[in-house]
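Here is a short tour of one model, meant to be read with the viewer open. Please load the coordinates and follow along.

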Amino acid sequence: MDNDNEIEIIEIPEVDIDRPEDIESTNIIVKESEPWPERLMILPLSNRPLFPGLVVPLVYEGDELMELIRTNVEQGHQYVGLVLVKDEEEPLKAENLFRVGVLARIRKMIEIENQGLHLVVEGLERFEAYKWHIRKQNLQADVHYHIAQPYEDSDDLRAYTVAIINTIKELLKHNPLHEEAMRVFASRFSVNQPEKLADFAAGLTTAGRDELQDVLETFSIFERMKKVMTLLNRELNVSKVQHRIRSNIDERVSEQQRKYFLQEQLREIRQELGLDSDPRALEMDKLKARAKSLKFSKEAQQVFNEELLKLEMIDPSAPDYAVSRNYLDWLVSLPWGIRARDRLSLPKVARSLNRHHAGLEDIKERILEFIAVGGRKNGLGGSIVLFVGPPGVGKTSLGRAIADAIHRPFYRFSVGGMRDEAEIKGHRRTYIGAMPGKIIQALKQVEVENPVIMIDEVDKMGADFRGDPASALLEVLDPEQNVDFMDHYLDVRFDLSKVLFLLTANQLDTVPEPLLDRAEIIRLPGYITEEKVDIARKHLLPHQLIEHGFEKSDVKMTASTLKYITENYAREPGVRQLEQLLKKILRKIAHQVAMNHLQLPMTVTIPMLKAFIGKPRFMPEALRCEVGLSTGLAWTAMGGVSLVLEALLIHHDKRGLKVTGQLGKVMQESAEIAYSYVTANLTQFGVSNDFFDHAFIHLHVPEGAVPKDGPSAGITIASALLSLARTQKTKPMAMTGELTLTGEVLPIGGVREKLIAAKRLGITEVILPAANEVDVEELPDSVAEHLTLHYAKHYAEVFALLF
């Protein structure tokens, strides 16, 4: 209740009136007077009714009501009527009050600042209101009293009295708080007053307000004692249950403490006697010791405690024992809170990269930039780096070099051909032979939570009915998700945000788009001949000499020999084939030495190579300059290659164009665009306007077994058609660029690989789209060395250079 029309009623223990600081006004001692008034001021009760014979404290709040009570007492009116309200939420009015209440005498009145008006009242007698008088907060009622009538002593009455007394005694055993109230009652009344005893007993119970009001309204002493006896028995039963619950809890706690002390004593005794060799106990102790050294998350700690308790309860011969034991072993094997200390000194990182990796200076610089940024952020965690390049260019060794440079453990696994998402996220423990996924296995092996993990071949993942590993990998790699990575086997969240993930792929076309969005892409285009020779001399050959049991001085190869092997046997962008050839040479030498056909030390020369590794796989290519031919440059997953396009006039019977060489759809469209552009602009290039009206042209791209596609052959096809139409050879140049119907030359990709292919062919001049000049400027100087590069925006510029 609030505001002016509402009253808040709170029952509290009696206030200590000996503390003057709590009392705003002086105590008012109320004089007793008789007879009982026929009209009473009514005070409402909210929790339970008051019974005659009981003394209780009450608190009333609200300025108007407090003033009315204060005025009433000061005028000598010591009696009030206490009536229970029917609904505490409703306003104070006659309809919301029970008719039967208790006449009470105000014994003390104390007003405490901000705590309301405190009354101590004594219940005297029941009354029933028959007329109400309401004026604002002043509620009065005309009443008549139900004074206890004389009764005859009988066996039934005595039996009820004894039963109530015995029940109260039983209740006191379980609830000692009632002893003080019992002593007060015994000092004021006799047990031979059954009406007082019944009211006192009802006040002891915790029955509901409606049941207590029913007892108050029962005027017959026998009926009242019956109802009180029912309430007492229920109270006794509740007290017994509460006592039993407390006893059980106390016994359980005592039993656990007793077991704990006995186990500790037993452990000490077994240790003193040297008998502490219980394998199961030792196993439990080891698990607890390993867990104590880890910084479990709150969730992991809870799961560990539950599983350990479960393991202690399972018989070692039960099948579930091995399952729980393996699970706990995995849980404590993970590096919770254990990290490797990063070493982000750029000079040291640069030396480490140069020691592990030759060449690719632009790539190394990009990695150093990446690590420098990580140093400013105080950590490289949460980063994803994707190395893209052909096989054998050193993607894996570069990842190992990064891990060594920043002083972190390195772990590598491949997802090529993977089709089951459980390989990434683990199997659920319900399966036989279940294990965690690759990520959790990696963390167990490296023993720190911030390693460098390399995931190879992300462009070769598959998907089938067992799931999509690429989607599962997203949760592992995404910095927004891997903070709470959930492995199916562990079923506990582990933070992967500190891991530096390195991915490798040969091409981006088949890499899932969501992975590309989250990755920092670094392209490794391949090595030029000079870099491959340097790698072979500094890394591959010394390593293979050790692998084949040779001393460093036993077998030597000159730079010219290594260059000859590279250009004539191993032209791929990487160095794997070159390494295989060096292995083959050393095996042959070992065999010849064992047969006493060769003597060590020796130097491998170019003439010896045919005997060791056979004839060259690639014969020296000569640049062909004939009518109808033009030399183009192309990019493949294996690096850059040169393509000689051939155009031939078949007959003059009809107009037409035939294209062969296993060309893709895009390249076929490039051929049609070049044909249309040349046909429409013949006079501009000095050719009769009707040349192609009665000419059937066959355009062929050699190496027909190799699929070819892409738009970059546009200007090469147009040049071959113009060479045929003009019956004039082109100058010895290679070219690449996309052609439009209006003659615009658009930029292409793979510039580095294409320039390397041109140098291998012995070409000295190359035509590139003008927009690719920026790409050339970013290349190492050695790539474009000895090459004359021409840039064209329109095909007219290409024509001027070629013819």
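Let us begin with helix α11, which lies across β8, β13 and β14 and runs at about 160 degrees to β14. Such angles are taken between N-to-C directions on a scale from 0 to 180 degrees, with axes as lines fitted to C-alpha atoms, for helices over the stretch in contact. Helix α15 (residues 469–477) lies across β8, β10 and β13, at about 145 degrees to β13. Helices (H or I, at least four residues) and strands (E, at least two) are DSSP runs numbered from the N terminus.

A word on the source: this is a predicted model, in which local features need pLDDT of at least 70, side-chain atom pairs count only at pLDDT 80 or more, and totals for chains, interfaces and linings use all residues. Residues are numbered from 1 along each chain as its sequence is written, and side-chain values use heavy atoms, with hydrogens and water left out.

**The five-stranded sheet**

Under these helices, so to speak, is an open sheet with the order β9-β10-β13-β8-β14 and parallel pairing. β9 and β14 (520–523) stand at the edges with a single partner strand each, so one side of each has no neighbour in the sheet. From one strand to the next, the twist averages 20 degrees. Strands count as paired if DSSP finds at least two bridges between them; β10 and β13 are joined by four.

Helix α12 (residues 395–405) has several buried residues, including Leu398, Ile402 and Ala405. Buried means under 20% relative accessible area, exposed over 50%, and partly exposed in between (1.4 Å probe, protein chains only). The buried residues of α12 pack against elements including α11, β8, β9, β10 and β13, where contact means heavy atoms within 4.5 Å. After α12 comes histidine 407, with a positive phi near 65 degrees.

**Around strand β24**

Further along the chain, four of the five residues of β24 (residues 765–769) are buried. β24 pairs in parallel with β21 (residues 734–735) over two bridges and with β25 (residues 788–792) over five.

These are some residues that stand opposite each other:

| Residue | Opposite residue |
|---|---|
| Methionine 454 | Leucine 502 in β13 |
| Methionine 735 | Isoleucine 767 in β24 |
| Isoleucine 767 | Histidine 790 in β25 |

Finally, is lysine 754 buried or exposed? Lysine 754, in helix α23 (residues 751–761), is buried because its relative accessible area is 3%. Leaving aside residues up to four places away in sequence, lysine 754 touches Trp635, Ser712 and Thr736, among others.
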